[in-house]
Amino acid sequence: KIHPATTVDLPQINFVIKSAIMNWPLPARLRKLAVPVMQYREDDMAALSVLVAKLNGEILGIAAWDSEPTHPLPNGLGGLFHGLFVLPLVQYQGIGTSLMNAVFDEARKIRTTGLLIKAQRVSRHYFERHNLTPLAATDDEYPWQYWKRLA
């Protein structure tokens with residue numbers, strides 16, 4: 001089941017994020033440095049929309065996004081797809097795709113024109129496989145950017 005997260009879910013959400021990052025094909029030191037930067041805090045939960053995928057009360061994956069239309073996209077200003085993480089043991093079973101589609105559905109309901117996705121190097125192929133449109137980035141921008149047209 002996919003549903004909105006609450007601050008009560010925060011410890012499990014951060015466990016999922018840490019587990020996913022620690023499984024990235026990067027040197028251990030980089031993974032350890034990335035974990036605290038990528039995990040969410042209570043103020044993030046207040047500022048973002050966060051969905052969780054649960055099975056038997058356990059969070060298997062999370063998706064976070066910001067609907068504020070502050071990001072330039074080819075079709076106008078759009079929101080930001082902030083994060084998508086799935087426990088490594090259950091990856092490649094459609095949980096990430098289900099979460100991503102749930103975010104897109106929620107964004108369409110509030111008439112978001114599109115979402116910007118700033119992918120990590122290790123996950124850029126995931127977004128490419130899902131036919132998200134790449135965006136050209138300049139030297140001062142995030143290098144792997146994609147977007148999803150919603151309106």
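The largest nonpolar core of the protein, taken from a predicted model, has 45 residues. Within this core, the residues with the most contacts are Ile13, Tyr40, Phe81, Phe85 and Phe127. Two or more residues come from each of helix H1 (10-22), helix H2 (28-38), helix H4 (95-109) and helix H5 (124-129). Strand S2 (49-55), strand S3 (58-73), strand S4 (76-86) and strand S5 (114-118) likewise give two or more residues each. The largest contribution is that of H4, with seven residues. Another core, of five residues, lies apart from the one just described; among its members are Leu73, Leu80, Leu116 and Leu135.

Ile13 illustrates how the large core is joined across the sequence. Beyond its neighbours within four places in sequence, Ile13 is in contact with Ala5, Tyr40, Met45, Val50, Val52, Ile59 and Ile62. One of these partners, Tyr40, is itself listed with Ile13 among the residues with the most contacts inside the core.

The overall architecture is as follows. Five helices and seven strands make up the elements of the protein, and their order from the N terminus is β-α-α-α-β-β-β-α-β-α-β-β. The radius of gyration is 15 Å, close to the 15 Å given by the globule rule for 151 residues, so the protein is as compact as a globular protein of that length. Along the principal axes, the C-alpha atoms fill a box of roughly 40 × 35 × 30 Å. Of the contacts with a separation of 6 or more, 63% are between residues 24 or more positions apart.

Burial and surface were computed for the protein as a whole. Buried residues account for 42% of the 151 residues. The accessible surface comes to about 8,700 Å², and carbon and sulfur atoms hold 54% of that area. There are 16 positive and 13 negative charges, and their mean positions are 7 Å apart.

Two residues in strands were examined individually. Leu115 is placed in strand S5 and counts as buried because its relative accessibility is 0%, under the 20% cut-off. The C-alpha atom of Leu115 is 8.8 Å from that of Leu77, although the two residues are 38 residues apart in sequence. Tyr146 belongs to strand S7 (residues 145-149), and with a relative accessible area of 2% this residue is also buried. Between the C-alpha atoms of Tyr146 and Leu116 the separation is 6.0 Å, for two residues 30 residues apart along the chain. Outside its neighbours within four places in sequence, Tyr146 is in contact with Leu115, Leu116, Ile117, Ala119, Arg124 and Phe127, among others. The list of contacts of Tyr146 also includes Glu128, Leu132, Thr133, Pro134 and Leu135. Of these partners, Leu116 and Leu135 are members of the five-residue core, and Phe127 is one of the residues with the most contacts inside the 45-residue core.

Two loop residues have a positive phi without being glycine. Tyr92, with a phi of about 65°, lies in the loop between S4 and H4. The relative accessibility of Tyr92 is 77%, over the 50% cut-off, so this residue counts as exposed. Arg111 has a phi near 65° and is found in the loop between H4 and S5. With a relative accessible area of 74%, Arg111 is likewise exposed.

Technical notes: Residues are numbered from 1 along each chain as its sequence is written. This is a predicted model: local features need pLDDT of at least 70, side-chain atom pairs count only at pLDDT 80 or more; totals for chains, interfaces and linings use all residues. Side-chain values use heavy atoms; hydrogens and water are left out. Helices (H or I, at least four residues) and strands (E, at least two) are DSSP runs, numbered from the N terminus. The radius of gyration is taken over C-alpha atoms; the globule rule is 2.2 Å times the number of residues to the power 0.38. Buried means under 20% relative accessible area, exposed over 50%, partly exposed in between (1.4 Å probe, protein chains only). Contact means heavy atoms within 4.5 Å. Accessible areas come from the Shrake-Rupley method with a 1.4 Å probe; for residues, only the protein chains shown count as cover. Lys and Arg count as positive and Asp and Glu as negative; His and the chain ends are not counted. The place of a charge is taken as NZ of Lys, CZ of Arg, CG of Asp or CD of Glu. A nonpolar core is a set of buried Ala, Val, Leu, Ile, Met, Phe, Trp, Tyr and Cys residues joined through side-chain atoms within 4.5 Å.
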